[in-house]
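Here is a short briefing to read alongside the structure. Take a look at the fold first, and then we can walk through it topic by topic.

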Amino acid sequence: SDEPKNMTAKVTALKEIREDTWRMNLDNGQVWQQMDMSSTFNPSVGDTVQVQKKMMGGYSMALAGEKKSQWIRVTRLE
């Protein structure tokens, strides 16, 4: 796979697909969707997020910088 193990990007668009669950467009053109509901993960347009590939497959995302958050499971849509 050509996917990086770690990536940082800015959120350019958000859609709440159900309560406490987000779909995020990033400035690198990728679209990611949150897999687990989390009231502590509250992204905003302009926030920086980190995406990390997990050891057993799959990906996690967290808010970076001043708004740091816990890691949540995500999947890449585009």
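Let's begin with β1 and strand β2 (residues 21-26), which pair in the antiparallel sense over six bridges. This is a predicted model, and these two strands belong to a barrel that six strands close in the order β1-β2-β3-β6-β5-β4. The points below go from the strands to one buried side chain, and then to the salt bridges.

**The β1-β2 hairpin**

- Within this pairing, Glu16 has Trp22 in β2 as its bridge partner.
- β1 and β2 make a hairpin, with two residues between the strands.
- Asp20 sits in the loop between β1 and β2, and its phi is positive, at about 60°.
- That is worth a second glance, because most residues other than glycine have a negative phi.
- Asp20 is indeed not a glycine.

**Around the barrel**

- Pairing in the barrel is antiparallel, and neighbouring strands of this sheet are turned by 45° against each other on average, direction ignored.
- On its way round, strand β1 (residues 6-18) is also joined to β4, by five bridges and in antiparallel fashion.
- If you would like a landmark for that pairing, Thr8 stands opposite Gln50 in β4.
- Strand β4 (residues 48-53) is in turn joined to strand β5 (residues 59-63) by five bridges, and these two run antiparallel.
- Here the residue to look for is Val49, which stands opposite Leu63 in β5.

**Gln34, a polar side chain to zoom in on**

- Is Gln34 buried or exposed? Gln34 has a relative accessible area of 1%, and because buried means under 20%, Gln34 counts as buried.
- Gln34 belongs to strand β3 (residues 31-34).
- Which backbone atom does the side chain of Gln34 reach? The side chain reaches the backbone oxygen of Asp20, at 3.0 Å, so the residue with the positive phi comes up again here.
- Leaving aside residues up to four places away in sequence, Gln34 touches Asp20, Thr21, Trp22, Met24, Phe41, Ile72, Arg73 and Val74.
- Two names in that set have a part elsewhere in this briefing: Trp22 is the bridge partner of Glu16, and Arg73 takes part in a salt bridge.

**Salt bridges**

- How many salt bridges does the structure hold? There are two.
- One of them brings together the side chains of Arg73 and Asp36, at 2.9 Å from N to O.
- This pair links distant parts of the chain, with Arg73 in strand β6 (residues 72-76) and Asp36 in the loop between β3 and β4, 37 residues apart.
- Arg73 is partly exposed, at 39% relative accessibility, and Asp36 is partly exposed too, with a relative accessible area of 29%.
- Lys67 forms a salt bridge with Asp47, and their closest N and O atoms are 2.9 Å apart.
- Because Lys67 lies in the loop between β5 and β6 and Asp47 in the loop between β3 and β4, the pair ties together parts that are 20 residues apart in sequence.
- Lys67 is partly exposed, with a relative accessible area of 35%, whereas Asp47 counts as buried at 12% relative accessibility.

Terms used:
Residues are numbered from 1 along each chain as its sequence is written. This is a predicted model: local features need pLDDT of at least 70, side-chain atom pairs count only at pLDDT 80 or more; totals for chains, interfaces and linings use all residues. Side-chain values use heavy atoms; hydrogens and water are left out. Two strands pair if DSSP finds at least two bridges between them. Helices (H or I, at least four residues) and strands (E, at least two) are DSSP runs, numbered from the N terminus. Axes are lines fitted to C-alpha atoms, for helices over the stretch in contact, and angles run from 0 to 180 degrees between N-to-C directions. Buried means under 20% relative accessible area, exposed over 50%, partly exposed in between (1.4 Å probe, protein chains only). A polar contact is a pair of N or O atoms within 3.5 Å; within protein, one must be able to donate a hydrogen and the other to accept it, and residues adjacent in sequence count only if both atoms are side-chain atoms. Contact means heavy atoms within 4.5 Å. A salt bridge is a side-chain nitrogen of Lys or Arg within 4 Å of a carboxyl oxygen of Asp or Glu.
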